Amino acid sequence: MSKFASPSRDIWSVSRLNGEIRTVLEGSFPLLWVEGEISNLATPRSGHSYFSLKDAHAQVRCALFRNKRQLLRFQPRDGDKVLIRARISLYEARGDFQLIVEHMEPAGEGALQRAFEELKAKLDREGLFDARNKKALPTFPRCIGIVTSPTGAAVQDILQILRRRFPALPVIIYPTLVQGSEAAAEITRTLEIADARKDC
């Protein structure tokens, strides 16, 4: 008997190999955010969309099924920069590594959303959303303090509403920067000043 026909070999079929690889891939990665440019977009009569997501050095095949595509707030096109939320999979019939898209949005919107979510998670870890740390607002405040830019449109809206609803209520504006790289530190300092003065 030839050594190549040894019965001790565990010979895999292609189907078994691809099935095992798919199981490993899908079990090893969580849902991922991936950013790139759409190319070769196709949407056949099934309503599913198939495309490649690429950057300057690589690309990956993607599938966006009809039920998820119908939830999009925009119409994706070739050349669009997008941010997708996807799970990794393998299309066993062809052995193609691919991403199954659960959500898609324009890349700029995605960057802002990610920054917001990261900040929210950071503040939550610091306990700033914990109800035990919050102070109840008085039923009838004796004075309202507003930390803001005194020239902004937003403060004018606030003052107009307050004049209409509570014309006798005193309002103190604590002026501060609200835009630019210095705004965060300036707002913090102004809040500390307002708290120390105890006017409101």
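**Position of K198 and overall form of the chain**

Me: In which segment is K198 found?
Reply: Helices in this predicted model are DSSP runs of H or I (at least four residues), and strands are runs of E (at least two), numbered from the N terminus. On that basis, K198 is found in the segment after α5 (183–197).

Me: Is K198 buried or exposed?
Reply: Local features need pLDDT of at least 70, side-chain atom pairs count only at pLDDT 80 or more, and totals for chains, interfaces and linings use all residues. Residues are numbered from 1 along each chain as its sequence is written, and side-chain values use heavy atoms, without hydrogens and water. Buried means under 20% relative accessible area, exposed over 50%, and partly exposed in between (1.4 Å probe, protein chains only). Because its relative accessibility is 55%, K198 counts as exposed.

Me: What distance separates the C-alpha atoms of K198 and G145?
Reply: Along the chain, K198 and G145 are 53 residues apart. Their C-alpha atoms are separated by 9.9 Å.

Me: How does I21 count in terms of exposure?
Reply: I21 lies in helix α1 (residues 14–28). Since its relative accessibility is 35%, I21 counts as partly exposed.

Me: What is the radius of gyration of the chain?
Reply: The chain comes to 5 helices and 7 strands. The globule rule (2.2 Å times the number of residues to the power 0.38) gives 16 Å for 200 residues, and the chain is well over this, so it is more spread out than a compact globule. Its radius of gyration, taken over C-alpha atoms, is 28 Å.
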